[in-house]
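Biologist: I would like to learn how to read a few features of this structure with you. Could you take me through them one at a time?

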Amino acid sequence: MHDLRRQALESGKTVSRKARSKQASPTSSRPSSQPPSRAASRSRAVSRAGSEEDEAGNLSDETSFSTNSIDELLNGDASDPVTDAWRADLADRIQELLDRKRSSVQGREKCLATYGRILTAQYAEEDIRGKEAELVLAFLKSIKAETSERETILAIKALAMTVVTSPSDLIYEAVCGPLKRVISDSISVPTKVAAVHCLGTCTFFGGASDDEILDNMAYLLEIVASDGSFIDAQDEADPVVAALEEWGSLSTLIDDLADESEDAAEYFVDQLSSSDPGVQIAAGENIALLYEKSYRPLTEDDSGTEFGGGDIIADPDDVPGVPKLVKNYDVYRRTDVLKDTLSDLASLNTRRLSKKEQKAIRTNFADILDSVEYPTHGPRYQNAISQDTGKRYGSRMTVRIHKEGVMKIDKWWKLHRLQALRRVLQSGFVKHYEANPIVFESLPYTALSNYFHIAG
């Protein structure tokens, strides 16, 4: 991994350039919101509430990029027993993938599924080292051919797991074009969705430059702005959700979003009126992230600078060492109207949605509204005062890492990266977080008493 990419992962930031010309910006025409969603998208929306009441998801589905409850999937240990038998199996599967002669569709599907399952459950960087280029070419053959939907999606998943396991500066350049062609041309909506997520993963870990990151954020925004029609997926919620999620993940690599925020916020606010809960929540989480990133710590260099009355905010508990924040730029021109919309969603009561769907929307948008009003507040922020400390509880979203401690998710950028990693790693998240340095560097922590506090 080159120095720039390493700095990006360690600090969580790179520097944006000026906004692109109107020709490269998303179209200004915004179609109407999404029609009623499909079951898969609604299931994802329910899972975002992180409720302990949610049912366990199917972790063995190698073709899924979706996640279930944060509490259920991240706090559980779904890793395989520690043996070395998988190494021989993986070596056989790699040889089989590289030798496609006389292979059948069913044989390739089985081989790709086993390869993806092993790379999910184990950290196999040493086992695929030196073979990445050949493997990527093999995956692209299956992706381009689209002989069957299952083989194509399994190849896309295998590609994503390969780049997370063994990142290379050369992968992005090789796969960007083919993935975008599949996103645009495939007649399979699940294939489009998988390719959108894989594009985000390869952009994040595969050696994309700052300009390429911003190019793909603009590309994803086109999908959102057109309600999917930009990739011939009109009236489909899942591709829009995928584009929203990957935009949010990639934006965590950009330090200054001043030039991108205004257009992005317009499209995200438009999607709040969607009839699909998954679209609404993904758009809302991006809005919260934009407000969080629009503030920076107040420094000594700001002494003598005059700021507006509402441009500086302080920690509500006045915790020693926590600096005040100053607003760098306005995210959205009509924040007052936005707050009203978010408030309505936070108290939603409708027969159109199930009780779980309504709970997911109310829970998430209560958090999002709080962060728009107070950008220092992260996900699941609680204003209640602890009797033990006399301080507010603050953000109470945590992820247990076995019995060693818990990871605190108190910023929206952390939640976006966590969800992006979980989409591709599924039940192997804990294994990779402990063994895979590239995953750890994406969410580095510092140990504080009995929990891990993510740096940043």
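**Reading charges, helices and backbone angles**

Modeller: Gladly! Let us begin with one residue, E262, which counts as partly exposed because its relative accessibility is 36%. Please keep in mind that this is a predicted model.

Biologist: Which residue forms a salt bridge with E262?

Modeller: The general idea is that side chains of opposite charge can pair when their charged atoms come close. Here the partner of E262 is R333, and the closest N and O atoms are 2.7 Å apart. This pair links distant parts of the chain, 71 residues apart: E262 sits in helix α13 (residues 258–271), while R333 is in the loop between β3 (325–327) and α15 (335–346). R333 counts as exposed, with 70% relative accessibility.

Biologist: How many salt bridges does a search of the whole structure find?

Modeller: The search finds 13. Another of them joins R93 and D89, with 2.4 Å between the closest N and O atoms.

Biologist: How are R93 and D89 placed in helix α4?

Modeller: They are 4 residues apart in α4 (residues 85–98), so about one helical turn separates them. R93 is buried, at 18% relative accessible area, whereas D89 counts as partly exposed at 28%.

Biologist: And what about D410 and K414: are they buried or exposed?

Modeller: To read this, compare each value with the cut-off: buried means under 20% relative accessible area. D410 has 13% relative accessibility, so it counts as buried. K414, at 1%, also counts as buried. These two residues form a salt bridge, their closest N and O atoms being 2.5 Å apart. Salt bridges can also share partners, and in that way D84, R87 and D127 are joined into one network.

Biologist: Let us turn to the surface. Which residues form a negative surface patch?

Modeller: The patch is made by E146, E149, D185 and D232. Take E146 as an example: this residue lies in the loop between α7 (132–145) and α8 (149–165). E146 is partly exposed, with a relative accessible area of 30%.

Biologist: You mentioned α8. How can I check the length of that helix against what it should span?

Modeller: Multiply the rise per residue by one less than the number of residues. With 17 residues at 1.5 Å a residue, α8 should span 24 Å, and its end C-alpha atoms are 24 Å apart, so the two values agree.

Biologist: How many residues of α8 are buried?

Modeller: Of its 17 residues, 15 are buried, and the helix is mostly covered.

Biologist: What is the distance between the C-alpha atoms of Q106 and S148?

Modeller: Those C-alpha atoms are separated by 9.2 Å, while the residues are 42 apart along the chain. Q106 belongs to helix α5 (residues 105–121), and its relative accessibility of 56% makes it count as exposed.

Biologist: One last feature, the backbone angles. What is the phi of R102?

Modeller: Phi of R102 is near 65 degrees, a positive value in a residue other than glycine. R102 is found in the loop between α4 and α5, and it counts as exposed with 78% relative accessibility.

Biologist: What phi does D227 have, and where does D227 lie?

Modeller: D227 has a positive phi of about 55 degrees although it is not a glycine. Its place is the loop between α11 (210–225) and α12 (237–251). D227 counts as buried, because its relative accessibility is 6%.

Terms used:
Residues numbered from 1 in each chain as written. Predicted model: local features only at pLDDT ≥ 70, side-chain atom pairs only at ≥ 80, totals over all residues. Heavy atoms only, no water. Patch = residues over 30% accessible without salt bridge, like charges linked within 9 Å, V, L, I, M, F, W, Y side chains within 5 Å. Areas by Shrake-Rupley, 256 points an atom, 1.4 Å probe, with all protein chains shown as cover. Salt bridge = Lys/Arg side-chain N within 4 Å of Asp/Glu carboxyl O. Lys, Arg positive; Asp, Glu negative; His and termini not counted. Charge placed at Lys NZ, Arg CZ, Asp CG, Glu CD. Helix = DSSP H or I, 4+ residues; strand = E, 2+ residues; numbered from the N terminus. Buried < 20%, exposed > 50% of the residue type's maximum accessible area, 1.4 Å probe, protein only.
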